[in-house]
Amino acid sequence: MTIELTVFVKSLEVVTIAQEKRYETKIKKFLESENCYFVKFFANGYTKSGVPDILCCCNGYFVGIEVKADNGKPSELQKLNCNRIRDSGGFAWIVYPSAFEKLKQLIRDLKHDNFSRESELILK
């Protein structure tokens, strides 16, 4: 039973990672289409933990985007780092696939200097 449960949990992790990767690619394609500069942040033993997956400059504004799969859950450190970006004058969101249209509108608003700093942290 323990082996079956472990295999099941591992297979769910693989599905979650694959879904997150597809969504991340979709976001990056959108950012490219909007002429936003961005980099994919890769966490490893030499980098800071909890940094958003995508770091972006849109119309001169710093943006951090933490990508989540439908069943993903942000860590406390990811939320803390997104809030630190916001407290520093940048924009940061934790985004789920169901909120892709919201994210697109927020980016477009930044491009036209038509935005509110009151947007929610987690976009679902």
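Buried here means under 20% relative accessible area. On that footing Cys 36, with a relative accessible area of 7%, is buried in this predicted model. Cys 58 falls on that side of the cut-off too, being buried at 0% relative accessibility. The two cysteines face each other across 3.4 Å, sulfur to sulfur, and for Cys 36 the sulfur of Cys 58 is the closest cysteine sulfur. A disulfide would need the sulfur atoms within 2.5 Å, so the gap from Cys 58 to Cys 36 is too far for a bond. A search of the whole structure accordingly turns up zero disulfides.

A word on confidence before going further. The chain has a mean pLDDT of 89, and 88% of its residues reach 70 or more. The weak spot worth flagging is residues 5–9, where the pLDDT is below 50 and the model shows zero contacts beyond near neighbours in sequence.

Moving to the strands, Ile 54 belongs to strand 2, which covers residues 54–58. Its relative accessible area is 0%, so Ile 54 counts as buried. Setting aside neighbours within four places in sequence, the contacts of Ile 54 include Glu 24, Ile 27, Lys 28 and Leu 31, along with Phe 38 and Val 39. Further along the chain, Ile 54 also touches Val 63, Gly 64, Ile 65 and Val 67. Ala 92 sits 38 residues away from Ile 54 in sequence, yet the two C-alpha atoms are 9.8 Å apart in space.

Asn 81, in helix 2 (residues 76–87), gives another view of the interior. Despite its polar side chain's name on the list, what matters here is the number: 6% relative accessibility, so Asn 81 is buried. Beyond neighbours within four places in sequence, Asn 81 is in contact with Lys 48, Ser 49, Gly 50 and Val 51.Helix 3 is where the geometry can be checked directly. Its twelve residues, 100–111, should span 16 Å at 1.5 Å a residue, and the end C-alpha atoms are 17 Å apart, which agrees. The buried residues of this helix are Phe 100, Leu 103, Lys 104, Leu 106, Ile 107, Asp 109 and Leu 110. As background to such a list, an α-helix has 3.6 residues a turn, so residues three or four places apart point the same way.

Just after helix 3, Asp 113 takes a positive phi of about 50°. Asp 113 is part of the loop between helix 3 and strand 5. Asn 59 also has a positive phi, about 55°, without being a glycine. Its place is the loop between strand 2 and strand 3, the latter covering residues 61–67. With 41% relative accessibility, Asn 59 counts as partly exposed. These two phi values deserve a remark because most residues other than glycine have a negative phi.

The aromatic side chains come next. Searching the whole structure gives six aromatic pairs. One of them joins Phe 30 and Phe 100 in an edge-to-face arrangement, with 6.1 Å centre to centre and 80° between the planes. This pair links distant parts of the chain, since Phe 30 sits in helix 1 (residues 2–33) and Phe 100 in helix 3, 70 residues apart. Both Phe 30 and Phe 100 are buried.

Phe 91 and Phe 115 make another edge-to-face pair, at 5.1 Å centre to centre and 85° between the planes. Here too distant parts of the chain are linked: Phe 91 lies in strand 4 (residues 91–95) and Phe 115 in the loop between helix 3 and strand 5, 24 residues apart. The partners are not alike in accessibility, as Phe 91 is buried at 5%, whereas Phe 115 is partly exposed at 30%. Phe 91 and Phe 115 also belong to one aromatic cluster with Tyr 61 and Trp 93.

Two lysines round off the picture of the rings. The charged end of Lys 40 sits over the ring of Phe 42, 5.3 Å from its centre. Lys 124, for its part, lies over the face of Tyr 96, 4.8 Å from the ring centre.

Terms used:
Residues are numbered from 1 along each chain as its sequence is written. Side-chain values use heavy atoms; hydrogens and water are left out. Helices (H or I, at least four residues) and strands (E, at least two) are DSSP runs, numbered from the N terminus. The expected span of a helix is 1.5 Å times one less than its number of residues. Buried means under 20% relative accessible area, exposed over 50%, partly exposed in between (1.4 Å probe, protein chains only). Contact means heavy atoms within 4.5 Å. Rings of Phe, Tyr and Trp (its six-membered ring) pair if their centres lie within 6.5 Å; planes under 30 degrees apart count as stacked, over 60 as edge-to-face and the rest as tilted. A charge sits over a ring if NZ of Lys or CZ of Arg is within 6 Å of the ring centre and within 35 degrees of the ring normal. pLDDT is the predictor's confidence in each residue, from 0 to 100.
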